[in-house]
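Welcome! Here is a friendly walk through one part of a protein model, for anyone meeting it for the first time.

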Amino acid sequence: MGWTARATGLDGFEPATLARLERLAPKRVPRGTVLFQPGDTVQGFVVMLSGRVEVYLTGPGGREILLYAVAPGQSCVQSTLGLLGGEAYSGEAVATEDSELVLIPRDAFLALTADSAAFRSFVFGAFAQRVQGMMHLLERVAFQKVEARLAAALLDRADAAGRITATHQDMAARVGTAREVVSRRLESFEKRGWLKRDRGAVTLTDRGALVALAGLAPER
């Protein structure tokens, strides 16, 4: 079975398009690998087969914000913009899990975009979803309080036991604030009995309170 049969979102591709894509070899990327940095030239369009890649933007003062994550079936908006408009990367991408991906080189990407209606639909559909997600991020950072964003991020990252393994810096990047702000808010949440802190980890003890703070629908 070729890799295109394992990829998400390639249903309906023309046989000729699938055959062209199958000539490209999947690549395994260990966790922690930096895939690109600000100023790098875009080399191609990435199709994620497994794993997760996170893309960060770093401000002049060194503060980071998580722009988006790329999982199977999702696209990297910075790569698409670079391929179509010739812009270099402005963010940094890091594999946060062991991943497998296929890189479609620029020339092949442009040729497939011109020749295949299904490929164009795949690229621009994924691009539109990603832009919409970034607009939601902008809305949250601009209009939603830090406490609500942090509560939502904790709920999103928690495992079945309510445990989150992440540094305060990592959480700060996810909610678009400073590490010191996250530390103070977590201390406040703990005093209210909503969570317990440990070195490098947090355990949720009152999901309902965090759900209400985040403005989410009650968990069932």
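Which residue of S10 does Lys-196 stand opposite? The residue facing Lys-196 is Thr-203 in S10. Keep in mind that this is a predicted model.

That pair belongs to a hairpin. Strand S9 (residues 195-198) and strand S10 (residues 201-204) run antiparallel and are joined by 4 bridges. Between the two strands of the hairpin lie 2 residues, and Gly-200 takes a positive phi near 75 degrees there.

The hairpin is part of an open sheet of 3 strands, with the order S8-S10-S9 and antiparallel pairing. S9 and strand S8 (163-165) are the edge strands, each pairing on one side only. From one strand to the next, the twist averages 15 degrees. In general, strands of a sheet pair through backbone hydrogen bonds, either parallel or antiparallel.

Here are the two pairings side by side:

| Strands | Bridges | Direction |
|---|---|---|
| S9 and S10 | 4 bridges | antiparallel |
| S8 and S10 | 3 bridges | antiparallel |

On the S8 side, Ile-164 has Val-202 in S10 as its bridge partner. A helix joins the picture as well: H7 (residues 179-191) packs on the sheet and touches S9 and S10. The direction of H7 makes about 130 degrees with that of S9.

Now for another helix. Which residues of helix H2 (residues 77-85) are buried? They are Val-77, Gln-78, Ser-79, Thr-80, Gly-82 and Leu-83. Just after H2 comes Gly-86, which takes a positive phi of about 80 degrees.

Note on methods. Residues numbered from 1 in each chain as written. Predicted model: local features only at pLDDT ≥ 70, side-chain atom pairs only at ≥ 80, totals over all residues. Heavy atoms only, no water. Buried < 20%, exposed > 50% of the residue type's maximum accessible area, 1.4 Å probe, protein only. Pairing = 2+ DSSP bridges. Axes fitted to C-alpha atoms, helices over the stretch in contact; angles between N-to-C directions. Contact = heavy atoms within 4.5 Å.
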